[in-house]
Amino acid sequence: MPEFRALLHGYDRFRSGRYEAERRRWASLATGQAPPVMIIGCCDSRVDPATIFDTEPGQAFILRNVANLVPTYEQGGGLHGVSAALEFAVTKLNVRHIVVMGHGACGGISAALGGHGDPDRTFIDRWIALLDPALERVRASGAEDPQRALELEGIRTSLDNLRSFPFVAEREGAGTLKLYGCYFAIADGRLWELDEQAGTFREIAEGAAAS
Ligand SMILES: [Zn+2]
């Protein structure tokens, strides 16, 4: 099992490296967490938010699923894993920021573009049907690059759906919660941020955080 052994090697590095260096931080985290930020990203192995944002333990409450989607608010039926995590982050942890991060070359987005009906992916088909309205908009727009257009439209959809949750809308209205849309372009390692007023994404310049 060389793949699992590789994980154990990583654990050894963690114990002797980062854990050892931040032992005091870990001790304080043992009593609880108060992350100021929630990040909703894709499961894709290339887009780990903790790596891209270089976060510290306890800094970000991270939820990952296929194509970084948020369902609309609904109380009936089904097991609402995403909604449960969102409810916990907002109403119990009182996060002050929620970042939805989409990415380039997303397999979930490709699946949505490929249409439904593949018997081997029943769960994925039902999940990515959340993108149907976005898919219609992308098709109607005649976008040159429908993959990228749907990746971006999917982020807008998740932000819209976040606002269908009363506890999100209330806090955003009161100014105690801020929502962000980001897009990570894998090929060049660049991050883009959605300007919701303009409706467009702009690349975040390196060193922007310092200004
Ligand atoms: Zn993805």
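This text walks through a predicted model, from its two domains to its zinc site and then to one buried serine.

Residues are numbered from 1 along each chain as its sequence is written. Because the model is predicted, local features need pLDDT of at least 70 and side-chain atom pairs count only at pLDDT 80 or more, while totals for chains, interfaces and linings use all residues; side-chain values use heavy atoms, with hydrogens and water left out.

Start with the division of the chain. Domain 1 covers residues 1-32 and domain 2 covers 33-210; these bounds come from an automatic or database domain assignment. Their C-alpha centres lie 28 Å apart. Six residues from domain 1 and six residues from domain 2 make the contact (heavy atoms within 4.5 Å).

The size of an interface is often given as the accessible area lost when the parts come together. Here the buried area is about 490 Å², and carbon and sulfur atoms give 54% of that. This area is what the two parts lose on being put together, summed over both, with a 1.4 Å probe. One salt bridge is counted between the domains. The term requires a side-chain nitrogen of Lys or Arg within 4 Å of a carboxyl oxygen of Asp or Glu. The side chains of R25 and E56 form a salt bridge at 2.9 Å, N to O. On the domain 1 side, helix α3 (residues 23-29) gives the most to the surface that touches domain 2, with three residues. Helices here are DSSP runs of H or I with at least four residues, and strands are runs of E with at least two, numbered from the N terminus.

Now turn to the metal. C42 (SG), H103 (NE2) and C106 (SG) coordinate the zinc ion at 2.0 to 2.3 Å. Donors are N, O and S atoms within 2.8 Å of the metal (3.2 Å for Na, K and Ca); water is not among the atoms, so sites may look incomplete. Along the chain, the donors follow the spacing C-x60-H-x2-C. C42 lies in strand β1 (residues 37-42) and C106 in the loop between β3 (97-103) and α6 (107-113), so this pair ties together parts 64 residues apart in sequence. Both C42 and C106 are buried (under 20% relative accessible area; exposed is over 50%, partly exposed in between; 1.4 Å probe, protein chains only).

Finish at S83, in helix α5 (residues 81-92). S83 is buried, with a relative accessible area of 11%. Leaving aside residues up to four places away in sequence, S83 touches P71 and F165.
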